[in-house]
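Q: Please take a close look at the interior of this structure. I should like a connected account that begins with one site and then moves on to others.

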Amino acid sequence: MKREKILVTGGAGYIGAHTVVELDLAGFEVVIVDNFSNSTPDVLDGLEGITGKRHHFMELDCSDREDMKMLFAKHPDISAAIHFAAYKAVGESVEKPLDYYRNNLDSLLCLLYEMTKEGRSGGLVFSSSCTVYGQPASENLPVSEMAPLQPATSPYGRTKQICEDILTDVAKASGDKLRAIALRYFNPIGAHPSALIGELPRGVPQNLLPFVTQTAIGLRKELSVFGNDYNTPDGSCIRDYIYVCDLAKAHVRAVERLLEKRTGKGGEVEYFNLGTGVGLSVLEVVNKFMDATGVDVPYKIVGRRAGDVEKVWADPSKANEVLGWKADTPLEDVFKSAWLWEKRVRRKL
Ligand code: UD1
């Protein structure tokens, strides 16, 4: 039987690469596109090391109409796409809103133009974020897909909301031609157990876990914990940290659902929260990381970071039931995977 061809935009990125591994395991043929704006070609070697094969790859910019035309001319038989390609740094988006709107909106638009062209049909999985919920009211925690969306706290967050709206309108207008699922990620962490791919931020890490591992290995003097005066048990912020390989598997389930045409009737977009259902504070993360790895992470408490929400964690029951998926990797293994990756990257293995 011919294998279905799945396009992964941003496939050399952190979540994209882990998803390529899971798609490959599930028997799909994968087409990766990336412009390496926040990744490097080494990732493709890592993927080859894990899967034993070189997947189709095109270096291109998804926000460029001509590039996307070229891609679909070369691969007209793409059955579904997973759209990761986007900028994702919250702080940077506040400084460079235009870059964020242009890149994140144009890339989705260019992809949709190609996917909805005459004679084409297919499924689209969109990388969204729990940021669309803002700070949910306490009675809405854990947050389900039914919770009201709140005004975004950054241009980055707003691009996710606008992209969800674009998807809703385009899927509706397309009838049954474009079926779409938006996955709202909570906080992805960890690395593939092989340590051949993982999260490698450029410059000073903005996200918590890369900062923790870089501090543990001595690259950073100490971690700054942003605030201990929140209304949480230990005063630091609470998030739902989900293992990136568990997250990647949810994409395979979503693609299968789209290909089996179990969703998208009447142009409805489906939304799923991808989290564990458990909230952890920043201080809990640091302590559990130290317990799992036996490595010390010096830290100090500093002031709050602008734009941070106090606490948010997922009610993932819709994804558990409808996608038949659960994030179930023990946290200890997740922290160990992040540590192994950091050591391999710094050649300390
Ligand atoms: C944010 C976005 C999320 C986005 C992600 C991508 C919001 C609410 N969330 O996640 O949608 O997908 O960025 O990058 O906009 N922390 C420290 N010290 C550090 C770094 C982080 O204490 O050096 C704390 C933060 O204050 C926060 C937690 O760790 O409480 C997690 O932070 P981070 O990893 O940056 O993720 P979010 O801000 O939750």
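A: In this predicted model, C245 is a buried residue, with a relative accessible area of 5%. The value falls under the 20% limit that defines burial. The cysteine sulfur closest to that of C245 belongs to C130, and the separation is 19 Å, so the two are too far apart for a bond. A second cysteine, C110, is likewise buried, its relative accessible area being 5%. For the sulfur of C110 the closest cysteine sulfur is that of C62, at 8.4 Å, which is also too far for a bond. A disulfide is a covalent bond between the sulfur atoms of two cysteines. The cut-off applied to such a pair of sulfur atoms is 2.5 Å, and a search of the whole structure returns zero disulfides.

A further buried site is S127, whose relative accessibility is 5%. This serine belongs to strand β5, which spans residues 122-129. Its side chain forms a polar contact with the side chain of Y185, at a distance of 2.8 Å. Y185 is also among the residues that S127 touches once neighbours within four places in sequence are set aside; the others are H83, F84, K160 and L183.

The residue range of strand β5 ends at 129, and S129 is one of the five residues that come nearest to the ligand. The other four are L208, S224, R239 and D308, out of 19 residues around the ligand. By class, these surroundings comprise nine nonpolar, six polar and four charged residues. Strand β8, residues 223-226, makes the greatest contribution to the shell, supplying four residues.

Several of the distances to the ligand concern its oxygen atoms. For D308, a polar side-chain atom is placed 2.5 Å from a ligand oxygen. For N207, a polar side-chain atom and an oxygen of the ligand are separated by 3.0 Å. In the case of Q206 the backbone is involved: one of its N or O atoms lies 3.4 Å from a ligand oxygen. The ligand on its own would expose 750 Å², and the protein buries 92% of that area.

Taken together, the account covers two buried cysteines, C245 and C110, neither of which has a cysteine sulfur at bonding distance. It also covers the buried serine S127, with its polar contact to Y185, and a ligand of which the protein buries 92% of the exposed area.

Terms used. Residues are numbered from 1 along each chain as its sequence is written. This is a predicted model: local features need pLDDT of at least 70, side-chain atom pairs count only at pLDDT 80 or more; totals for chains, interfaces and linings use all residues. Side-chain values use heavy atoms; hydrogens and water are left out. A residue is near a molecule or strand if one of its heavy atoms lies within 4 Å of it. A polar contact is a pair of N or O atoms within 3.5 Å; within protein, one must be able to donate a hydrogen and the other to accept it, and residues adjacent in sequence count only if both atoms are side-chain atoms. Accessible areas come from the Shrake-Rupley method with a 1.4 Å probe; for residues, only the protein chains shown count as cover. Helices (H or I, at least four residues) and strands (E, at least two) are DSSP runs, numbered from the N terminus. Ala, Val, Leu, Ile, Met, Phe, Trp, Tyr, Cys and Pro count as nonpolar, Asp, Glu, Lys and Arg as charged, and the others, Gly among them, as polar. Buried means under 20% relative accessible area, exposed over 50%, partly exposed in between (1.4 Å probe, protein chains only). Contact means heavy atoms within 4.5 Å.
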